Amino acid sequence: MDSFEPNNQILLDARSDYYGGAPHLDHVKLISVRQSNATTDSLKNGDVDAACLLDVDSIVDLVDSGFPGFVDITPAGTLLNVNMREGRPGADLRVRKAIALAIDPVALDQRVNGGQGIPTQLLFPESWPWNNDIPPIGVDPAQVRTLLDQAKADGYDGKLSILTAKGQTAEYTAVAVQAMLNAVGFDATIDAVPDNLVMTKRMYVDHDYDIGASGLGVTNADPFPRLHSSMHTGASLNANGYSDAQMDSLLDELGTATDDAAKKDVLTRIQQRMNETLPWQPWGASPNLDVWRGNVHGIKVTFDEIMLFDEAWIG
């Protein structure tokens, strides 16, 4: 590492003793661009050589423009984390269920992505191989009000804080979620932090939030690692403090399933238990685009959407 400027850039120098031989490039500069449309413009103008994008509009734009790259669409790519630790509104299952029934993923996708996304409340959308016959929980404003009335009768004040990072997609999402929640009786406010680094720390390290949009990126090839790390009691990505003995057993069973039929059977029961306990709330699958200019060669993309540059070259 030559230099590290938080929220700005990281400059990496090639190592002559790198595993497998010295890289072709002398340096790689990783820069932070908050707005995805600015990233798209920088790529088209030649100001950057490669980029990773999550915004649907920008992805469609670059795919249509013919840039080389790799697109992957991952289940649970967009979801709502709900902190259910003691003292947080989400500790009450009635509140978690009211939140889930109040937010319409289709309407949310229309407002944020212009309807170009893949919205669903299910872990795996209908066209995915692991999809099952478990129905989504649905959207039901009347039931939301009933659940809220019950929670408020027991002392809940209806307040929710929506944690979000600054940026067009994130802020559009937060505003749309706030509107849907407040329309059915919540008193939701937006807590905007400067960037994703701060948001990640607040959510996954400090656990200082009520609700906030996130993404899990479950892979179709092997759903087990991400599901286990996000829902198992005490797991590394379990930002919500979710703990359910039945779900723990199901996740352990998924990890030992030896064929696709057994995996699908367990995933069906996991979806059912998710609908009952709401460890987090899926909003849809999401595309990821790793993209580069036509004169860039040798970039490899890993199973987990990480771009490797050790064999990359420009020419």
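Helix axes whose N-to-C directions differ by over 145 degrees count as roughly antiparallel. In the predicted model described here, the axes of helix α8 (residues 224-231) and helix α9 (residues 245-256) cross at roughly 160 degrees and come within 10 Å; α8 and α9 are therefore roughly antiparallel to each other. The crossing of α8 over α9 is left-handed. On the α8 side the contact involves Phe 224, Leu 227, His 228 and Met 231, and these meet Met 247, Asp 248, Leu 251, Asp 252, Leu 254 and Gly 255 of α9. Classified by residue type, the contact of α8 with α9 comprises 6 nonpolar, 2 polar and 2 charged residues.

A second helix pair is formed by α3 (93-102) and α5 (141-153). Here the axes lie 9 Å apart and the packing angle is about 155 degrees. With the cut-off for the antiparallel class at over 145 degrees, α3 and α5 are therefore also described as roughly antiparallel to each other. The passage of α3 across α5 is left-handed. From α3, the residues Arg 94, Val 95, Lys 97, Ala 98, Leu 101 and Ala 102 take part, and from α5 the residues Gln 143, Val 144, Leu 147, Leu 148, Gln 150 and Ala 151. The contact of α3 with α5 is made up of 8 nonpolar, 2 polar and 2 charged residues.

The pairing of α4 with α6 has an angle of about 140 degrees and an axis separation of 9 Å. This angle falls outside the antiparallel class, which requires over 145 degrees, and α4 and α6 are therefore oblique to each other. The crossing of α4 past α6 is right-handed. Helix α4 contributes Ala 107, Leu 108, Arg 111 and Val 112 to the contact, while α6 contributes Thr 169, Tyr 172, Thr 173, Ala 176, Val 177, Ala 179 and Met 180. Of the residues in the contact of α4 with α6, 8 are nonpolar, 2 are polar and 1 is charged.

The interior of the model was examined next. In soluble globular proteins, nonpolar side chains tend to be buried together. The largest nonpolar core contains 27 residues, and those with the most contacts inside this core are Ile 99, Ile 103, Leu 181 and Phe 186. At least two residues of the core come from each of β5 (69-82), α3 (93-102), α4 (105-113), α5 (141-153), β7 (159-165) and α6 (168-182). Beyond its neighbours up to four places away in sequence, Ile 99 touches Leu 80, Val 82, Leu 160, Leu 181, Phe 186, Ile 211 and Gln 281. Another core, lying apart from the largest one, has 22 residues, including Leu 79, Trp 130, Met 247 and Ala 285.

Two individual positions were considered for their contacts. Ser 286 is located in strand β10 (residues 281-292). With a relative accessible area of 10%, Ser 286 is buried. When neighbours within four places in sequence are set aside, Ser 286 is in contact with Asp 72, Ile 73, Thr 74, Gly 77 and Thr 78. The C-alpha atoms of Ser 286 and Thr 74 are separated by 5.5 Å, although the two residues are 212 residues apart along the chain.

Gly 215 is placed in the loop between β9 (211-214) and α8. Its relative accessible area of 37% marks Gly 215 as partly exposed. Outside the residues up to four places away in sequence, Gly 215 touches Ala 76, Gly 77 and Leu 79. Between the C-alpha atoms of Gly 215 and Val 56, which are 159 residues apart along the chain, the separation is 14 Å.

Positive phi values were found at two residues other than glycine. His 207, in the loop between α7 (196-205) and β9, has a phi near 55 degrees. This residue, His 207, is partly exposed, with a relative accessible area of 25%. Leu 278 likewise has a positive phi, of about 55 degrees, and is found in the loop between α10 (260-277) and β10. Leu 278 is buried, its relative accessible area being 5%.

How values were computed: Residues are numbered from 1 along each chain as its sequence is written. This is a predicted model: local features need pLDDT of at least 70, side-chain atom pairs count only at pLDDT 80 or more; totals for chains, interfaces and linings use all residues. Side-chain values use heavy atoms; hydrogens and water are left out. A nonpolar core is a set of buried Ala, Val, Leu, Ile, Met, Phe, Trp, Tyr and Cys residues joined through side-chain atoms within 4.5 Å. Buried means under 20% relative accessible area, exposed over 50%, partly exposed in between (1.4 Å probe, protein chains only). Helices (H or I, at least four residues) and strands (E, at least two) are DSSP runs, numbered from the N terminus. Contact means heavy atoms within 4.5 Å. Axes are lines fitted to C-alpha atoms, for helices over the stretch in contact, and angles run from 0 to 180 degrees between N-to-C directions. Angles under 35 degrees count as roughly parallel, over 145 as roughly antiparallel, 65 to 115 as roughly perpendicular and the rest as oblique. A crossing is left-handed if the near helix is turned anticlockwise from the far one by less than a right angle, and right-handed if clockwise. Ala, Val, Leu, Ile, Met, Phe, Trp, Tyr, Cys and Pro count as nonpolar, Asp, Glu, Lys and Arg as charged, and the others, Gly among them, as polar.
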